[in-house]
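Below is a colleague's note, set out as numbered points, to be read alongside the sequence and the coordinates. Please go through the points with the structure open.

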Amino acid sequence: MLESYVTPILMSYVNRYIKNLKPSDLQLSLWGGDVVLSKLELKLDVLEQELKLPFTFLSGHIHELRIHVPWTKLGSEPVVITINTMECILKLKDGIQDDHESCGSNSTNRSTTENTKSSIKPRRIQQAAPTDPDLPPGYVQSLIRRVVNNVNIVINNLILKYVEDDIVLSVNITSAECYTVGELWDRAFMDISATDLVLRKVINFSDCTVCLDKRNASGKIEFYQDPLLYKCSFRTRLHFTYDNLNSKMPSIIKIHTLVESLKLSITDQQLPMFIRIMQLGIALYYGEIGNFKEGETEDPTCHSKDVLGNITGTEDETRIDIQYPAQYRGQELYSQDDEEPQGWVSWAWSFVPAIVSYDDGEEDYLGNDPTSTMHQQKAQTLKDPIVSVGFYCTKATVTFKLTEMQAESSYYSPQKVKSKEVLCWEQEGTTIEALMMGEPFFDCQIGFVGCRAMCLKGIMGVKDFEEHMNRSEAEACFFICGENLSTKGLTYLTNSLFDYRSPENNSTRAEFILDAAHHKETYTEIAGMQRFGAFYMDYLYTMEHSSGKGSSNQQDFPSGKNEDLGIVQEKSTKNLVIGPLDFRLDSSAVHRILKMIVCALEHEYEPYSRLKPESKDEKETVLNPEEVASLEEYSPTRHTSITVLKCTCTIFLAEFNLLDHLLPVIMGEKNSSNFMNTTNFQSLRPLPSIQILVDKINLEHSVPMYAEQLVHVVSNLTQPSDNLLHYCYVHCYLKVFGFQAGLTSLDCSGAYCLPTPIIPSFSTALYGKLLRFPTLWTKRSQNVLTEGIFELPNLTIQATRAQTLLLQAIYQSWSHIGNVSSSTVNEALMNEVFQTTGVKSKNPLPTLEGSIQNVELKYCSTSLVKCASGTMGSIKICAKAPGDNGKEKLIPLFQGPSDTKDLHSTKWLNESRKPESLLAPDLLAFTVQVPQYMDYCHHSGAVFLCSVQGIAVNIDPVLYTWITYQPQKRASRHMQQQAVVAVPPLVPSVNKRREDELSVGSAPVAKQQSYQASEYASSPIKTKTVTVHSISPVLIHGLQ
């Protein structure tokens, strides 16, 4: 009878997780075809043991369980398991439990379970003994496989709650159904075959609601907040690929989820709790929440069996201990730091077989089936499957709300919470993909096509975007990044189970890149931005053998030969790319962002992981020369690269300023107060602003993966090499390309005027390194603790006096408290700065232009001294004043280095000087050394060295004209400018004057309407040319 085979399997599943069941009653009900069980309690200890979560189940029960078995159509209709109202409450484990106890308990539970299985096995085999002679074992196995592959699970009203401190996180899913589908992802009764070794399933989630509330000391929720997520539906597709019909585990597993619309709502009270939940996820990922007390070590054999013991579905397989250097032995392969226990990836990977493989006890019901024995033998040689997990969201919206208490009319009526939307974040085409094959390979890619942030309604009593203000959507949007999903297409779904072009949807086997070198060549920054456009992140972790033959795997190495395995090389790289973005910082945006920061800081939660105090171990770690050589050859590091492309940041003049109520809270000076402004808001147009453009920003950061062990080892070496010392530092590189700034203005129509250049394009670089665990380096006081290098090839700043006044007004609008009135920036000043395109000013203002070149600054500190040094190649300041024939003339005001040997003679004034060799000395070079104020500071004294080359200064009336400019006195400024132009030059020859102008690189006005420096500012850095104009110059020279 089929019942003798199928019934024990179903009973084993139910009896494993539910308390107080009578197998006899359950068996009789199943034979009738339907069983209904009510008010069931879950076995919480079994759930904790199998899930291996750092959580404790406080309660878990099922209101009703229904099982329908179509005995007459078991080969064509699915078994349906329906759960009505399932509720579980979890909390984080109290404190950090003793790992030895947990390992002992796990071992005890495991041994108890094995004993229980061994005691139950004979009885089960006896149950399965009276088999029908007409049903051969191969047919039974095939039928059981079809039944298991087509089980239909329906859960109605699933409730999950997590409690911690004052946080209550609850997830309510109205309906969730899992069923088997065909090639077109529609419901079907399917099974794997020799021609199609694929199994597909679909899980539909309907009306998912997530709530986040705060409870009081008694555990009650006084005020219910708005749900984080309200009635969201999504679907999940599962795709399993097998190597052959006898495979117990799939070789490729794909689990992808698609959400069409995701609308999140976060209030100011929920924000600290939401960040707390995110920190919990990060702590779980890096294993910062451990199961052992501080100061105790983890038993690797006990823990390894929990992590990888069931990967192939066998109880006897244990994890291969790959040989590490002495300072890394006993650590988990995927742990990121020495104090970190099992990471999230290890836990997730250990849980994969429980989802996709059959239960170990299923084969017990098959009797002495030779095919079953063959499966057990082959299970030993199975390799890790390739697992691909993906989450895709077409459009996501996050709304930030501020809440306020509102009392009812009656005195005894309870207070209610009223929320008001102030900020909205919209995101399109979101993708989160993870690919793993065992612990030695893990890759996660995150990206989205486009996003934007908008201001809503009012903030702190300022009704800047209320409905009656009639402000446009373009004014409300202050952050834009990436592209539009309608123009980009469905690139975010590429190669997913929801992409009709994917291999799985075209009956072909998917190929995956599991080699680190090939991965980096394929998934480049350009490829990521072509697929997404706004944001792309690629996190890759690999663990390779020292032979360099690809990713290592525990099945690749024979057991018992650990001494020949060599060293495992771990690599962790994170590459983040941010596409073209436009960031507008006006009063509305700044106050909303700072208000969110203030709300996020209003909590008293303790961090999940605390930094351990740096202490010197009593037992010093000593390595032999071979171990030192292997460590010097390779030391695992984490490398992070962040790249920002085409960034535009606009800082507007503040229309209102209430920062005195926000900044002190952020700085920790005082508590938050719900300040509400009562003045009416009036938008200012035209609105001046500073616009900053950057072509590219690149930040690279590297840190040793096992810093504390590495420092312990290297600090005890007599003469460590420079390579080993390099790995003991945290390194940071910052490079900025094409930075430029200018002034612009926003008019009433929302359009910007043509930017007026202030800082032409330049590039710069900054490098810094920091020694890890400096207190462990007491034997090597000469080691550098911190070091920094700053390089600036050239920098030019040019501005008229009107432009500097406008810059000053923008700065004062943010630094001075109170609303800004329109009289601060008068019309004359705006007209002078932003002239009409194509209209030439009759009285152009003089422009000051300053340039410095070849600036290099260095700083380093040891336990004895602090030292700083620097050089400056040259510095030039000139004035561009209107000249004859519509051209402008350049008047040098300050220049160095300058040859001042013949400065006292008239010959120096009349000669035409050409640029000399670029190898001339720098204008300024200095070195400063200051001792640390410690007990042994007398061993080193203070030093100051400085070298300055010749400097020439020209005091010209144009400088007085530039300083005394006032926008109200346009006529007087006009007369002064005419007087300056009318002064005849000191050099009588016109040709001579033109030659001098060419020597300093004068340029016409038309060439200065871009973000480029004048030829004078960009001339060779070591030039010795000085041209002096007009009346009785005063020359001041420095010592050579």
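What percentage of the contacts in the chain with a separation of 6 or more comes from residues 24 or more positions apart?

1. Overall character of the model. The model is a predicted one, and in it residues 24 or more positions apart account for 77% of the contacts with a separation of 6 or more. The secondary structure of the chain comes to 24 helices and 28 strands, and 49% of its 1040 residues count as buried. The accessible surface comes to about 50600 Å², with 56% of that area belonging to carbon and sulfur atoms.

2. The nonpolar cores. The largest nonpolar core has 152 residues, and within this core Leu65 and Ile67 touch the most other members. Leaving aside residues up to four places away in sequence, Ile67 is in contact with Val14, Leu30, Gly33, Asp34, Val35, Val79, Val80 and Ile81. There is also a second, separate core of 18 residues, which includes Val711, Leu724, Tyr727 and Trp777. As general background, nonpolar side chains tend to be buried together in soluble globular proteins.

3. Helix H17. This helix, residues 707-715, is largely enclosed by the rest of the structure, because 9 of its 9 residues are buried. The buried residues of H17 include nonpolar ones such as Leu710 and Val711, and also Glu708, Gln709 and His712. What covers them includes helix H15 (625-633), strand E19 and helix H18 (722-727). Val711 deserves a second look, since this buried residue of H17 is also listed in the second core of 18 residues.

4. The strands E18, E19 and E20. Strand E19 (residues 687-704) runs antiparallel to strand E18 (residues 637-652), to which 15 bridges join it, and Ile651 has Ile690 as its bridge partner in E19. E19 also pairs in the antiparallel sense with strand E20 (residues 729-746), here over 14 bridges, with Pro688 standing opposite Ser745 in E20. E19 thus appears in both pairings, and it is also among the elements that cover the buried residues of H17.

5. A short hairpin. Strands E12 (residues 457-459) and E13 (residues 462-465) run antiparallel and are joined by 2 bridges, with Ile459 opposite Val462. They form a hairpin with 2 residues between the strands, and in the turn Met460 has a positive phi of about 55 degrees. The backbone at Met460 may be worth inspecting in the display.

6. Aromatic pairs. The structure holds 11 aromatic pairs. One of them is formed by Trp425 and Phe479, which are stacked, at 5.6 Å centre to centre and with 25 degrees between the planes. Trp425 lies in strand E10 (residues 416-436) and Phe479 in strand E14 (residues 477-482), so this pair ties together parts that are 54 residues apart in sequence. Trp425 counts as partly exposed, at 29% relative accessibility, whereas Phe479 is buried, with a relative accessible area of 14%. Phe479 also pairs with Phe583, and since the ring centres are 5.5 Å apart and the planes lie at 85 degrees, this pair is edge-to-face. Here too distant parts of the chain are linked, with Phe479 in E14 and Phe583 in strand E17 (residues 581-585), 104 residues apart. Phe583 is partly exposed, with a relative accessible area of 22%. Ring pairs link Trp425, Phe478, Phe479 and Phe583 into a cluster.

7. Two individual positions. Thr800 is found in strand E22 (residues 786-800) and is buried, with a relative accessible area of 11%. Not counting residues up to four places away in sequence, Thr800 touches Leu845, Pro846, Thr847 and Trp962. Val665, in helix H16 (residues 663-666), is likewise buried, with a relative accessible area of 11%. From C-alpha to C-alpha, Val665 and Glu602 are 9.2 Å apart in space, although 63 residues separate them in sequence.

8. Cysteines. How many disulfides does the structure contain? With a disulfide taken as a pair of cysteine sulfur atoms within 2.5 Å, the count comes to 0. As to individual cysteines, Cys444 is buried, with a relative accessible area of 14%, while Cys732 counts as partly exposed, at 29% relative accessibility.

Terms used
Residues numbered from 1 in each chain as written. Predicted model: local features only at pLDDT ≥ 70, side-chain atom pairs only at ≥ 80, totals over all residues. Heavy atoms only, no water. Buried < 20%, exposed > 50% of the residue type's maximum accessible area, 1.4 Å probe, protein only. Helix = DSSP H or I, 4+ residues; strand = E, 2+ residues; numbered from the N terminus. Contact = heavy atoms within 4.5 Å. Pairing = 2+ DSSP bridges. Core = buried A, V, L, I, M, F, W, Y, C linked by side-chain atoms within 4.5 Å. Areas by Shrake-Rupley, 256 points an atom, 1.4 Å probe, with all protein chains shown as cover. Phe/Tyr/Trp six-rings, centres within 6.5 Å; stacked < 30°, edge-to-face > 60°.
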